Amino acid sequence: FDDCNARAYESLVDVARSGLPADLRQWACDLGSLIMPKVAGWTSLRSRAVMIKALVRAFGVFGDGQEIQALIRYFSRDLHQRFTSQSRPGHEWFEANLSYDNARISEGLIVGGAFLADPDMIEDGLTAQRWLMKKQTGFIAGKEGGFFVPVPNSKFSDDGPDHPLYDQQPLEVLATIDACLSALRITGDSQWRDEATRAFAWFHG
């Protein structure tokens with residue numbers, strides 16, 4: 001349930017930062033602060049990646065600033081350690097195999113590294129995101145460039161080049177768009193705008 005918990009916390013941050021009525025924003029702040037003592041126990045890699053981004057957005061909005069900084073550092077170091085231990089030539093990723101919602105992980109390391117002003121984290125997060133984008137690119141014979149192909153459900157444990165065209169989830173597309181836009185915001189490299197646009201084109205077939 002860790003991933004669901006992290007998503008719920010992220011939603012509370014969205015409410016707290018929104019223009020909704022003050023009582024709803026205060027409710028989100030109160031509940032978000034109440035949850036804080038629990039989040040360090042969420043061990044799922046994806047939950048920690050989502051929490052990094054959510055905590056960065058919560059910083060200065062609600063919760064204890066020092067506690068939030070400590071959690072961002074703790075989660076970011078965990079992601080970075082996973083990357084350095086699992087990454088190898090030809091497989092620049094955090095896990096032995098790709099799974100679901102993959103781009104959330106690389107985005108978490110990029111965002112956490114930026115918040116902590118850690119260039120190694122940022123660069124390794126970008127390296128992972130570039131590798132993932134290559135894995136999520138398909139080609140058509142006779143045409144230049146490639147098109148976005150999310151990692152399909154049936155290929156979670158396979159790093160091979162074959163991508164079934166009818167076994168994909170919008171979840172992967174949105175995660176990829178978010179990660180590319182975070183990379184664009186942090187680096188200013190227009191390549192990431194192009195990658196986000198290419199992923200968004202998936203929705204148009």
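User: How many cavities of 30 Å³ or more does the rule count here?
Analyst: First, this is a predicted model: local features need pLDDT of at least 70, side-chain atom pairs count only at pLDDT 80 or more, and totals for chains, interfaces and linings use all residues. Residues are numbered from 1 along each chain as its sequence is written, and side-chain values use heavy atoms, leaving out hydrogens and water. A cavity is a set of points, on a 1 Å grid over the protein atoms alone, where a 1.4 Å probe fits but cannot get out. With 30 Å³ or more as the limit, the count is two.

User: Which helices each supply at least two residues of the lining of the second largest cavity?
Analyst: That cavity has a volume (the space filled by probe spheres set on grid points joined across faces, edges and corners) of about 40 Å³. Its lining residues, those with an atom within 4 Å of a point, are Glu10, Ala49, Val50, Lys53, Arg104, Glu107 and Gly108. Helices are DSSP runs (H or I, at least four residues) numbered from the N terminus. The ones supplying at least two lining residues each are α3 (45-58) and α5 (103-116).

User: How many residues of that lining are charged?
Analyst: Asp, Glu, Lys and Arg count as charged; Ala, Val, Leu, Ile, Met, Phe, Trp, Tyr, Cys and Pro as nonpolar; the others, Gly among them, as polar. The lining of the second largest cavity has two nonpolar residues and one polar, and the charged ones number four.

User: At roughly what angle do the axes of α1 and α2 cross?
Analyst: Axes are lines fitted to C-alpha atoms over the stretch in contact, with angles from 0 to 180 degrees between N-to-C directions. Those of α1 (residues 2-16) and α2 (residues 22-39) come within 8 Å, and they cross at roughly 145°.

User: Is Thr127 buried or exposed?
Analyst: Thr127 sits in helix α6 (residues 119-135). Leaving aside residues up to four places away in sequence, Thr127 touches Phe83 and Glu92 (contact means heavy atoms within 4.5 Å). Buried means under 20% relative accessible area and exposed over 50%, with partly exposed in between (1.4 Å probe, protein chains only). Since Thr127 has 18% relative accessibility, it counts as buried.

User: What is phi of Asp101 near?
Analyst: Most residues other than glycine have a negative phi. Asp101, in the loop between α4 (65-86) and α5, is buried because its relative accessibility is 3%. Its phi is positive, near 55°.

User: Where is Ala117 placed?
Analyst: Ala117 is not a glycine, yet has a positive phi of about 55°. With a relative accessible area of 63%, Ala117 is exposed. Its place is the loop between α5 and α6.

Notes: On a 1 Å grid over the protein atoms alone, a cavity is a set of points where a 1.4 Å probe fits but cannot get out, and a pocket is an open set with protein on both sides within 12 Å along at least five of seven lines; lining residues have an atom within 4 Å of a point.
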